[in-house]
Amino acid sequence: MIRSEQEQIRLASLQQLKDLGINPYPAEEFVVTHRSKSLKDDFKPGVKVSMAGRMMSRRIMGKASFAELQDAEGTIQLYLNRDEICEGEDKTMYNAVFKKLLDRGDFIGIEGETFVTKVGEPSVKVSGFKVLSKAIRPLPAVKTDEDGNVHDAFSDPELRYRMRYVDLCVNEKVKETFVARSNIIRTIREAFDKEGWLEVDTPVLQAIPGGAAARPFETHHNALDMPLYLRIANELYLKRLIVGGFEGVYEFSRNFRNEGMDRTHNPEFTVLELYVAYKDYNWMMKAMENLLGNVAASVHGKTVVTLAGKEIDFTPPYARVTMRDAILEHTNVDIDALDEDGLREACKTLNIDTDPSMGKGKLIDEMFGEKCEHLYIQPTFITDYPVDMSPLTKIHRDNPNYTERFELMINGTEVANAYSELNDPIDQRERFEAQVELGKRGDDEAMFIDQDFLRALEYGMPPTSGVGIGIDRLVMMLTDQTSIQEVLLFPQMRPEQF
RNA sequence: GACUUGGUAGCUCAGCUGGUUAGAGCAUCUCACUUUUAAUGAGAGGGUCCUGGGUUCGAGUCCCAGCCAGGUCACCA
């Protein structure tokens, strides 16, 4: 293995530590009494502390030095004085170990006492330190000046995503994004638990990849000698649980789709699915706008969030626009007045590509997707989708051409998708059969028939409303990120050659 | 998958119409320095110029192929 100059120097330092009888990778617990941010938030001089973390910088001035110690909360300045660390004649710990053999990025544990420097920086005067882990590779040398400008930022996206551990060490904002992600998920979970809804786990490996229309990843179970699919959705399993008598179930579901990757798509992504018995999609709209208002407030302290320079207002209520009205408004086409051929013609006029496999619903979906979707920046419920786009949704109570479905659009992308769930087993069977017909026409994403799911419905499912929320996209909106890679700790990448 | 931009030191980048020994800042090493904070001053070392071919007296630079990434588009409920 070829080592860079800096790595070779660090390996030599590692050996010298061992020669001095210092274990660079000690096993025993190091007791931590304080952490950086909480210590600084309530800072009092003269407090004895024991802290641990990564040494992120050093300013050596002869017999005294300053260093930055980074822990999970942030950083704090250390002050080291040779004669305080080495009280006797032997100055090795300061002159050799601290000044020569430690490097930026090494983990150390320190003991000392808080004080304020003469320029007012809360600091810890170190009385002793211990090597906790020696780093062989140098961290990128990111520096921040007094105006907060970052110099020589570690910014290459390929390196940042491949080595997220380095990204997290040196780019403070990255850590904040993932803390926010965790807070968002926790806020939702707490809200749902408070309602008495049950968090469940359903199969990731499915024999029939149902509940959505997408290309699945396929794998093989050796013992059963059968194909299995990574789930594209968990919807049909959660509904089985409603059949079983739970009145509210939810799951943060990692879903997998074997499709393209871009700024808003990763092959694996997280959807929160929630099903509540005896509710309809109107109730769900209210529940969603309240939830998102609360999530934005709890994570951000306010309900107006800036995303890529645009203000997004999560304060409920959100606008409700039917799909027909949306298309009418933005294209002047009244989908109610047209049959399949008429819709195909309208698409042609609007310069939307069509093919013979597309049914009425797909054509309408194309019109909305091409001409309307990106225009909804503020949170908006698009309601009442065509029947043949929504095979799991109850027919609209007032109009048999539509379903009781909404999608929540924010910043031009879909964040949530919800229905009054179809619980009529006979209708559901017909809808699946219609999907099979679409499949025969060439739609390779048409749904399979899940006979067991139909059987479950035949045992009776109460009226239910369900929703799926794209957690990754929601996190993007609430953390002002425009790439899904920025909200996934380890976004999918082609393997690296070593 | 298509188009496009890029890949040069640990990091961020410069390197012109091809031309001596490939540069800078930070980082690293040596020396000095007991309250600094992008510490400072002096000196030094560090390169598979993404990979493989080709053109040429000569390639980081031009050509071809490939790999990886970003962006745009396509695909994608």
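1. Domains. The domain assignment of chain A gives two parts: domain 1 covers 5-139, and domain 2 is made of 173-318 + 378-487. The model is a predicted one. Between the C-alpha centres of domain 1 and domain 2 the distance is 49 Å.

2. Pocket between the assigned parts. The second largest pocket has a volume of about 1,300 Å³. Its lining takes at least three residues from domain 1 (5-139) and at least three from domain 2 (173-318 + 378-487). The lining counts 36 residues, and those nearest the centre of the pocket are Gln70, Thr75, Thr144, Val170 and Glu172.

3. Elements of the pocket lining. Two or more lining residues come from each of α2 (36-41), β1 (48-61), β2 (64-70), β6 (143-144), α6 (164-170) and α7 (172-194). Which element gives the most to this lining? That is α7, with 6 residues.

4. Chemistry of the pocket lining. By class, the lining of the second largest pocket holds 15 charged, 13 nonpolar and 8 polar residues.

5. RNA strand B. The strand is surrounded by 58 residues, and Glu5, Lys118, Glu158, Arg263 and His265 are the closest. Of the atoms of RNA strand B that come within 4 Å of the protein, 60% belong to sugar and phosphate.

6. Elements at the RNA. The surface near RNA strand B receives at least two residues from each of α1 (5-19), β1, β2, β3 (75-81), β6, α5 (157-162) and β19 (413-420). The largest share, 4 residues, is that of α5. Some elements recur from the pocket: β1, β2 and β6 each give two or more residues to the lining of the second largest pocket, and β1, β2 and β6 each supply at least two to the surface near RNA strand B.

7. Chemistry at the RNA. The surface near RNA strand B divides into 25 charged, 21 nonpolar and 12 polar residues.

8. Individual polar contacts with the RNA. Which parts of RNA strand B do aspartate 83, alanine 213 and arginine 405 approach? For aspartate 83, a polar side-chain atom lies 2.9 Å from a base oxygen of the strand. For arginine 405, a polar side-chain atom lies 3.3 Å from a base nitrogen of RNA strand B. Alanine 213 uses its backbone: an N or O atom there lies 2.7 Å from a phosphate oxygen of RNA strand B.

Terms used
Residues are numbered from 1 along each chain as its sequence is written. Chains are lettered from A and ligands numbered from 1 in the order in which they are written. This is a predicted model: local features need pLDDT of at least 70, side-chain atom pairs count only at pLDDT 80 or more; totals for chains, interfaces and linings use all residues. Side-chain values use heavy atoms; hydrogens and water are left out. Domain bounds come from an automatic or database domain assignment. On a 1 Å grid over the protein atoms alone, a cavity is a set of points where a 1.4 Å probe fits but cannot get out, and a pocket is an open set with protein on both sides within 12 Å along at least five of seven lines; lining residues have an atom within 4 Å of a point. Grid points are joined across faces, edges and corners, and a volume is the space filled by probe spheres set on the points. Ala, Val, Leu, Ile, Met, Phe, Trp, Tyr, Cys and Pro count as nonpolar, Asp, Glu, Lys and Arg as charged, and the others, Gly among them, as polar. A residue is near a molecule or strand if one of its heavy atoms lies within 4 Å of it. A polar contact is a pair of N or O atoms within 3.5 Å; within protein, one must be able to donate a hydrogen and the other to accept it, and residues adjacent in sequence count only if both atoms are side-chain atoms.
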